[in-house]
Structure formats: structure tokens, C-alpha cells
Amino acid sequence: MRPTRSGVVVLASGPLLVLLAWLFGQPELTVAAAMLVATFVGCAGFVLVRRPRLEVDRRIRPQRVTVGGSCSVRLDITNTGPSKSAVIGLRDVVDGRGQASVHLAPLEAGSRHEVDYRVPADRRGLHFIGPLTAEVEDPFG
């Protein structure tokens, strides 16, 4: 798990507010610092508990493409977790040049969903697709 930029700012603000509370004699800032740290810890716990357990199968059709053509990539995603998933962001790196991104609605336990996207073949040679990463955001983003 890696916190977002806003999560790092929230976490770093806690000690800064404690320092300001001590410097300026404002105990209310200590309460605000505790709230910020508690929010970060709660959101981190939410993400850990809601971490998706997915099984993904990637199929590429056709395997060979001429320059100027494109191929279709199909992701078959199955929620293998014991409960309904959170909203999941999937990001698939395409040939190290770009990425295909999609957000999935919550999947029931054991349910399956298919996602398709196209990859253009604008040059000759081997094109690599992957790795696929899945991300879950906390309620505060």
C-alpha cells in the first residue's frame, strides 16, 4: 500500500500542527492534529480491509497486427474475495509508452466482469502489455 500525495500531506500535517500548538500555546491545534492522524489511520485501515482479491485473465486478439492496425485486449476479472469489492481502478501499462485505465464498479463476491480496450500498432516489432495494477481509494480519495 502506498499513500497518495494528499494522504502524505495529511499525515505530515499532524506533527506540524503539534509543533505549532506548542510554539503558539494553542492546544486546539493538537486536537486538529489528532483528527488528521486518526483520519489517515482510518483511511489506511479501510484500504487494507477492502484490498481487492482479483483473478485476472488477459486475452489479446489478434496476436499479430500489421502497422496501422490494432488489437483488442480483453481482461476477464473475477472477485475471489469473500465480500463485495470497493470501486477498483485498473491500470495496464501498454508498451511502456502509455496506459489503459478503467474504473470498475464494486464486484460481488465470486462475480466476474469483462473489460475490453484497443491497442494501436503504430510501429513494427514486439509490443508489451502489462503489468496490470489494481488500486483502491479510501472514502476521502
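Which residues touch the most other members of the largest nonpolar core? In this predicted model, they are Val-73, Leu-75, Ile-77, Leu-104, Tyr-117 and Val-119, and the core holds 14 residues. Two or more residues of this core come from each of strand 2 (70-79), strand 3 (88-94), strand 4 (98-104) and strand 5 (112-120). Strand 2 gives the largest share, with 4 residues.

Leu-75, one of the core residues named above, offers a handy view of these surroundings. Setting aside residues up to four places away in sequence, Leu-75 touches Val-56, Asp-57 and Arg-58, along with Asp-92. Its further partners are His-113, Glu-114, Val-115, Tyr-117 and Leu-132. Among these partners, Tyr-117 is also on the list of core residues that touch the most other members.

Stepping back to the whole chain, the model contains 2 helices and 6 strands. Read from the N terminus, the order is α-α-β-β-β-β-β-β. The radius of gyration is 21 Å, whereas the globule rule gives 14 Å for 141 residues, so the chain is more spread out than a compact globule. The C-alpha trace spans about 70 × 35 × 15 Å along its principal axes. Of the 141 residues, 25% count as buried. The exposed surface of the chain comes to about 9,600 Å², and 60% of it is supplied by carbon and sulfur atoms. As for charge, the chain carries 17 positive and 13 negative charges, whose mean positions lie 6 Å apart. Contacts were also examined by sequence separation: of those between residues at least 6 apart in sequence, 65% join residues at least 24 apart.

Two cis peptide bonds deserve a look by anyone scrolling through the backbone. One runs from Arg-61 to Pro-62, with omega near -15°, and Pro-62 sits in the loop between strand 1 (54-61) and strand 2. Another runs from Gly-130 to Pro-131, with omega near 5°; here the proline belongs to strand 6 (residues 129-136).

Three individual residues help to fill in the picture, beginning with one from the strands. Gln-99 is part of strand 4, one of the strands that give two or more residues to the core. Gln-99 counts as partly exposed because its relative accessibility is 49%, a value between the 20% and 50% cut-offs. Apart from neighbours within four places in sequence, Gln-99 is in contact with Arg-91, Asp-92, Val-93 and Val-94. Asp-92 thus appears among the contacts of Gln-99 and among those of Leu-75. From Gln-99 to Thr-39, 60 residues away in sequence, the C-alpha to C-alpha distance is 31 Å.

Arg-51 lies in the loop between helix 2 (27-49) and strand 1. With a relative accessible area of 48%, Arg-51 is partly exposed. Although Arg-51 and Ser-85 are 34 residues apart along the chain, their C-alpha atoms are separated by 7.8 Å.

Finally, Gly-7 is placed in helix 1 (residues 5-24). Is this glycine buried or exposed? Gly-7 counts as buried, because its relative accessibility is 12% and the cut-off for burial is under 20%. The C-alpha atoms of Gly-7 and Asp-95 are separated by 30 Å, and the two residues are 88 residues apart along the chain.

How values were computed. Residues are numbered from 1 along each chain as its sequence is written. This is a predicted model: local features need pLDDT of at least 70, side-chain atom pairs count only at pLDDT 80 or more; totals for chains, interfaces and linings use all residues. Side-chain values use heavy atoms; hydrogens and water are left out. The radius of gyration is taken over C-alpha atoms; the globule rule is 2.2 Å times the number of residues to the power 0.38. Buried means under 20% relative accessible area, exposed over 50%, partly exposed in between (1.4 Å probe, protein chains only). Contact means heavy atoms within 4.5 Å. Accessible areas come from the Shrake-Rupley method with a 1.4 Å probe; for residues, only the protein chains shown count as cover. Lys and Arg count as positive and Asp and Glu as negative; His and the chain ends are not counted. The place of a charge is taken as NZ of Lys, CZ of Arg, CG of Asp or CD of Glu. A nonpolar core is a set of buried Ala, Val, Leu, Ile, Met, Phe, Trp, Tyr and Cys residues joined through side-chain atoms within 4.5 Å.
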